[in-house]
Amino acid sequence: MGVIHHGAYVTYLEEARAALLRHRGHPYDDVRGDGIDLAVLELYVRYRRALHFDEVVDVHVSLGRVTRTTFQVGTS
């Protein structure tokens, strides 16, 4: 069909989350090394258009609400 399966989008979002942590000075390996595990508690995806194979895609994420035990990541 030439389009990316809808389930694959989650992988792109996870890569973007790891990049955001790295950009903010908290590479995932360092966080894990400190004994902290980051579990995804909720995921919401709104599919706006199909992605096609071999298409270059930029995923823009931003840090949302932060509490003592959780943080939210959103896309724009």
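# Notebook: salt bridges, aromatic rings, pockets and Phe 53

**Entry 1. Salt bridges.** I searched for salt bridges, and the structure holds 3 of them. I note at the outset that the model is predicted.

I took the pair in helix 1 to begin with. The side chains of Glu 14 and Arg 17 meet at 2.8 Å, N to O. Both residues belong to helix 1 and stand 3 residues apart, which is about one turn of the helix. I then looked up the accessibility of each partner. Glu 14 has 35% relative accessibility and counts as partly exposed. Arg 17 has 12%, so I recorded Arg 17 as buried, the limit for that class being under 20%.

I next looked up Arg 32, which forms a salt bridge with Asp 37; their closest N and O atoms are 2.6 Å apart. Arg 32 is partly exposed at 45% relative accessibility. Asp 37 has a relative accessible area of 56% and is therefore exposed.

The remaining entry under this heading joins the side chains of Glu 55 and Arg 49, at 2.7 Å from N to O. For Glu 55 I noted 29% relative accessibility, hence partly exposed.

**Entry 2. Aromatic rings.** I searched the whole structure for aromatic pairs and obtained 2. In one of them, Tyr 9 and Tyr 12 are tilted, with 6.4 Å between ring centres and 55° between the planes. I located both tyrosines in helix 1, residues 9–23, where they are 3 residues apart, about one turn of the helix.

Is Tyr 9 buried or exposed? I found a relative accessible area of 14%, so Tyr 9 is buried. Tyr 12, at 32% relative accessibility, counts as partly exposed.

The other pair consists of Tyr 9 and Tyr 47, which I recorded as edge-to-face, 5.1 Å centre to centre with 80° between the planes. This pair links distant parts of the chain: Tyr 9 is in helix 1, Tyr 47 is in the loop between helix 2 and strand 1, and 38 residues separate them. Tyr 47 is partly exposed at 42% relative accessibility. I entered Tyr 9, Tyr 12 and Tyr 47 together, as they form one aromatic cluster.

**Entry 3. The largest pocket.** I looked up the pockets next. The largest pocket has a volume of about 1700 Å³. Its lining comprises 48 residues. Which of them lie nearest the centre of this pocket? I noted Leu 13, Leu 43, Val 73, Gly 74 and Thr 75.

I then asked which elements contribute. Helix 1, helix 2, strand 1 and strand 2 (71–75) each supply at least two lining residues. Helix 1 gives the most, with 8 residues. Sorted by class, the lining of the largest pocket has 25 nonpolar, 10 polar and 13 charged residues.

**Entry 4. The second largest pocket.** I recorded about 170 Å³ of space in the second largest pocket. It is lined by 13 residues, and those nearest its centre are Tyr 12, Glu 15, Val 57, Asp 58 and Val 59. Tyr 12 thus appears here as well as in the aromatic cluster. By class, I found 7 nonpolar, 2 polar and 4 charged residues in the lining of the second largest pocket.

**Entry 5. Phe 53.** I closed the session with a single residue. Phe 53 lies in the loop between helix 2 (28–33) and strand 1 (61–66); Tyr 47 was placed in the loop between helix 2 and strand 1 as well. Phe 53 counts as exposed because its relative accessibility is 56%, the limit for that class being over 50%.

Which residues does Phe 53 touch, leaving out those up to four places away in sequence? I found Gly 2, Val 3 and Ile 4. For Gly 2 I also looked up the separation: Phe 53 and Gly 2 are 51 residues apart in sequence, yet their C-alpha atoms are 5.8 Å apart in space.

Methods:
Residues numbered from 1 in each chain as written. Predicted model: local features only at pLDDT ≥ 70, side-chain atom pairs only at ≥ 80, totals over all residues. Heavy atoms only, no water. Helix = DSSP H or I, 4+ residues; strand = E, 2+ residues; numbered from the N terminus. Buried < 20%, exposed > 50% of the residue type's maximum accessible area, 1.4 Å probe, protein only. Contact = heavy atoms within 4.5 Å. Phe/Tyr/Trp six-rings, centres within 6.5 Å; stacked < 30°, edge-to-face > 60°. 1 Å grid on protein atoms, 1.4 Å probe; cavity = no way out; pocket = protein on both sides within 12 Å on 5 of 7 lines; lining within 4 Å. Points joined across faces, edges and corners; volume = space filled by probe spheres on them. Nonpolar A, V, L, I, M, F, W, Y, C, P; charged D, E, K, R; others polar. Salt bridge = Lys/Arg side-chain N within 4 Å of Asp/Glu carboxyl O.
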